[in-house]
Amino acid sequence: MNVRQQVSERDSEPLHDTFLPSIHPVEFYQRDLSLHPPAYAPGYKTSVGRSPRKALLSLQNSLSEITGPVFGQNDIGLLDNDLIRNYARNGEPIGERIIVHGQVLDENRKPVPNTLVEFWQANAAGRYRHKNDTYLAPVDPNFGGCGRTLTDDNGYYYFRTIKPGPYPWRNYVNSWRPAHIHFSIFGSGFAQRLITQMYFEGDPLIKICPIVHTVADESAIDRLIAPLDMNAAIPMDLLAYRFDIVLRGRRSTLFENRLDGN
Amino acid sequence: MPQSLGYLKETASQTAGPYVHIGLIPHMAGFDIFQNNFGNVLAGAATRGERITIEGRVLDGTRTPVRDALIEIWQANADGRYNHAADQQKKALDPDFRGWGRTGAEFKSGLYTFETVKPGAVIGRHTRVMAPHINFWIVSRGINIGLHTRMYFSDETDANAADPVLNLIEQEDRRTTLIAKRTNRDGKVIYVFDIVLQGDDETVFFDV
């Protein structure tokens, strides 16, 4: 194993701080669009009319892209990361109690600390608390289905919730979304902004979902599937799933003129 | 095989879906769950600068309003400085201005609105000054990865003519898709900025 491979072990130093003098960590790496779904994905019918037909104009980052809003503990409430309690009225929501946790990292393996993570989902029956959801499964009077938290200094986040159920949607006649939790993550710059969905290990609906398959790369799909994490479960109380999220990494400018304003 | 570089790969984007509001703007979706709700009013009482309203619609390929769109904006303060540690321009920070807002299109009309202040010009790459602009990010059902664009101001003709990003748009006709028209209504300054996802006057979107 060469030196770089050794140092690349999961729990070691972020790459660039170790090997390359980081003079002005500034712009983000070019996004690898092959890992993302294209705008036009005809298997997902709504994307047909809502996708640009013209090529995106690629921009080198300026201050507009590398800066972004900063959030703190004042922005969120104590129960915001507890979906079992944060909408409970006269009892607890029905369903499988789970912890969801993980780390937000960037492509350089650096943790993304103190960043806002927001999440939303259907209840255990697959029904969302949203006026536009008309699925016949019942709304749970004790479940809202949304929450948020900040990652800690190590980029670590956690919340607890009820495992969402799959639900039918009008794509094909018999289309069902696999059980999923929607995630929104900020990062430290506006160009890192990301919305994604977390799926659950072992769900047979993942393989046949047109939205999952807007992503062409099978490994990229695998990275959206959270594994059961028995070590994070609380015995006789909550199971757990682990979901790490990777945001774009920042370049180090070694020889170029630095971005003005820095 | 050469050595492995060892970078991690960015998590794949997925559509925000039709119920994005319950996660990001629950109060607008009609349900009260959080004490602090993020919203579309960026200017506080003490915020410096000219008060402006931005409004418009997100339109799809048939020019139908996208009624479930979720829009975020990020901008500099009235002096042209971002409230972020990476912006070290020698301009004043405005402690009463974060510079970020979020809203949804109104479910019936499809209209979105922001209340903010007009940003100042920000220095760009290689000492070129960028014309005043607001950074937009749009997600919704049917949008697989958030769309980035910028809104410029119709009353900034000289600055716009010199803007490094507008000048990158080869087809000059398309530059107008990023310029919001300044209007006055009931004593308020309103910039109208429609975002066209697809079609003849499709908005210029960026890969940032």
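Contact here means heavy atoms within 4.5 Å. On that basis, the interface in this predicted model draws 96 residues from chain A and 81 residues from chain B. Between them the two chains bury about 8000 Å², and carbon and sulfur atoms account for 57% of that area. On the chain A side, the residues that lose the most area to chain B are R50(A), L57(A) and F190(A); together these three make up 10% of what that side buries. As for confidence, the predictor assigns the complex an ipTM of 0.97 and a pTM of 0.93. Chain B has a mean pLDDT of 96, with 100% of its residues at 70 or more.

We can turn next to the enclosed space. The model holds three cavities of 30 Å³ or more, and the largest cavity contains about 70 Å³ of space. Its lining draws on both chains: chain A supplies S64(A), E65(A), F190(A) and A191(A), while chain B supplies N135(B), F136(B), H148(B), T149(B), R150(B), F206(B) and V208(B). Two or more lining residues come from each of α4 (63–66) of chain A, β7 (133–139) of chain B and β8 (147–153) of chain B. Of the elements involved, β8(B) gives the most, with three residues. By character, the lining divides into five nonpolar, four polar and two charged residues. F190(A) appears twice in this account, as a residue of the cavity lining and among the three in chain A that lose the most area to chain B.

Chain A also offers a sheet worth following strand by strand. This open sheet has five strands in the order β5-β4-β9-β10-β11, with mixed pairing. The edges are taken by β5 (146–150) and β11 (225–226) of chain A, each with a single partner strand, so one side of each is left without a neighbour in the sheet. Within the sheet, β4 (residues 116–120) and β9 (residues 180–185) of chain A run antiparallel and are joined by four bridges. In this pairing, V117(A) stands opposite I185(A) of β9(A).

Finally, two loop residues deserve a look for their backbone angles. R109(A), in the loop between β3 (97–106) and β4 of chain A, has a phi near 70°, a positive value in a residue other than glycine. In chain B, T127(B) lies in the loop between β5 (122–123) and β6 (129–130). The phi of T127(B) is near 65°, again a positive value in a residue other than glycine.

Definitions and conventions
Residues are numbered from 1 along each chain as its sequence is written. Chains are lettered from A and ligands numbered from 1 in the order in which they are written. This is a predicted model: local features need pLDDT of at least 70, side-chain atom pairs count only at pLDDT 80 or more; totals for chains, interfaces and linings use all residues. Side-chain values use heavy atoms; hydrogens and water are left out. pLDDT is the predictor's confidence in each residue, from 0 to 100. On a 1 Å grid over the protein atoms alone, a cavity is a set of points where a 1.4 Å probe fits but cannot get out, and a pocket is an open set with protein on both sides within 12 Å along at least five of seven lines; lining residues have an atom within 4 Å of a point. Grid points are joined across faces, edges and corners, and a volume is the space filled by probe spheres set on the points. Ala, Val, Leu, Ile, Met, Phe, Trp, Tyr, Cys and Pro count as nonpolar, Asp, Glu, Lys and Arg as charged, and the others, Gly among them, as polar. Two strands pair if DSSP finds at least two bridges between them. Buried area is the accessible area (1.4 Å probe) that two parts lose on being put together, summed over both.
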